Structure formats: structure tokens, C-alpha cells
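Work through the exercises below with the model open beside the text. Each task is followed by a solution in steps.

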Amino acid sequence: MMNVQIICVGKLKEKFYADAVAEYQKRLSSYCRLTILEFSEEKLPQNPSQALIDAALAKEAAAIRQKLPPRARVVALCIEGQLLSSQELAKRLRTWEIGPSNQLCFLIGGSYGLDESLKVQAHVRLSMSPMTFPHHLARVMLLEQVYRAFQINAGSPYHK
């Protein structure tokens, strides 16, 4: 069984997001061992300078790097990443399942995204859409798409 880890910057506060995450965690338990790690977003003043933003992102990246599973395939969610259909993600997931490591780790940044060094380190940069979404909603959307990918690979009608 594949190990899927989602590392997120920012803690879920809204109950409706937490409820959706819990539902997909339950659904995914038949397909993978899912772990979600949350890190607090670095505190920044209102209208921070780019230097302050960069320093905060670097600090968040250091915390994330300490939790990356060894030999994991790392997928960074970022707006400049590759757009995949649900079927294309399912094909990738199938390939990753039979690859040299059964560890898959998705990274979701906070309000200012992910540090560039994490994006460079990632095996794949994935974009959910060219539109901007709250990072808490991105977590729910990612979980739904991972569940959908497992369903597609299982031949389930869920994805239609």
C-alpha cells in the first residue's frame, strides 16, 4: 500500500474544511496510508517586504525539509506547475505506486506559496489551476483528486 503524505503550511481553522478533509481521509484509507502534517505559517506584518516574505518562506522550507520522508517522490503544488487532468494524475499515481519508492509527498504552501528551493527539489510541480485558491481549499481539492485518481485506477464509476 502506498504511503501518501501531505505537508501543509497553515492550520485548518474552518470546520467545513476540516470536515471535508476528514471525509477524504476516511475514503482514502482503503487505498493508501495517508498522513497530513501541518506547519504554522510564519507571522508577517501587513504589507511585508519581499525580503521578509523570502525569509519566512525559507524558514517554512527548512521545517518542511525536516519532515520529508526519505526517498519520497515530492510533488510541490504551485501555480506555475504542470496542469494535469484527473486521468493524467491517475496514470502518474499508478506509475508512482510501482516505482522504487512507495512514498509520495505533496507540499502545499501558505499564503505566499512555497520557497523556490522546495520547488526546485520537487520531482514534480503540479498546478491545480491557473486560478488562485485559498491554501486550505487547495488541501481539500488535492485530497479529492488523489481519491479520484485511486478510483480511476480501480475502474470505479466515481470519476464520471
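The exercises cover a helix pair, two pockets, a cavity, a salt bridge and the start of the chain.

**Conventions**

This is a predicted model, in which local features need pLDDT of at least 70 and side-chain atom pairs count only at pLDDT 80 or more, while totals for chains, interfaces and linings use all residues. Residues are numbered from 1 along each chain as its sequence is written, and side-chain values use heavy atoms, with hydrogens and water left out.

**Exercise 1.** Determine how H3 and H5 are oriented to each other, and list the residues that meet.

Step 1. Helices (H or I, at least four residues) and strands (E, at least two) are DSSP runs, numbered from the N terminus. Helix H3 spans residues 86-97 and helix H5 spans residues 135-154.

Step 2. Axes are lines fitted to C-alpha atoms, for helices over the stretch in contact, and angles run from 0 to 180 degrees between N-to-C directions. The angle between H3 and H5 is about 75°, and their axes are 8 Å apart.

Step 3. Angles under 35 degrees count as roughly parallel, over 145 as roughly antiparallel, 65 to 115 as roughly perpendicular and the rest as oblique. H3 and H5 are therefore roughly perpendicular.

Step 4. Contact means heavy atoms within 4.5 Å. On the H3 side the residues are Ser86, Gln87, Leu89, Ala90, Lys91, Leu93, Arg94 and Glu97. Those of H5 are Gln145, Val146, Arg148, Ala149, Phe150, Ile152 and Asn153.

**Exercise 2.** Describe the largest pocket and the second largest pocket by volume and lining.

Step 1. On a 1 Å grid over the protein atoms alone, a cavity is a set of points where a 1.4 Å probe fits but cannot get out, and a pocket is an open set with protein on both sides within 12 Å along at least five of seven lines; lining residues have an atom within 4 Å of a point. Grid points are joined across faces, edges and corners, and a volume is the space filled by probe spheres set on the points.

Step 2. The largest pocket has a volume of about 450 Å³. Its lining has 22 residues, with Leu77, Cys78, Ile79, Gly113 and Phe133 nearest the centre. Strand E3 gives the largest share of this lining, four residues.

Step 3. The second largest pocket holds about 180 Å³. Among its lining residues are Lys11, Lys13, Glu41, Glu42 and His135.

**Exercise 3.** Find which residues line the largest cavity.

Step 1. There is one cavity of 30 Å³ or more, and the largest cavity contains about 50 Å³ of space.

Step 2. Its lining consists of Glu41, Glu42, Leu44, Ile53, Ala56, Leu57, Glu60 and Tyr112.

**Exercise 4.** Locate the salt bridge partner of Asp19.

Step 1. A salt bridge is a side-chain nitrogen of Lys or Arg within 4 Å of a carboxyl oxygen of Asp or Glu. The count comes to ten salt bridges.

Step 2. Asp19 pairs with Lys15, with the closest N and O atoms 2.8 Å apart. Both residues lie in helix H1 (residues 15-28), four residues apart, about one turn of the helix.

**Exercise 5.** Place Met1 relative to the rest of the chain.

Step 1. Met1 sits in the segment before strand E1 (2-9).

Step 2. Beyond neighbours within four places in sequence, Met1 is in contact with Ser29, Ser30, Tyr31, Cys32, Arg33 and Asn102.

Step 3. The C-alpha atoms of Met1 and Phe39 are 26 Å apart, with their positions 38 residues apart along the chain.
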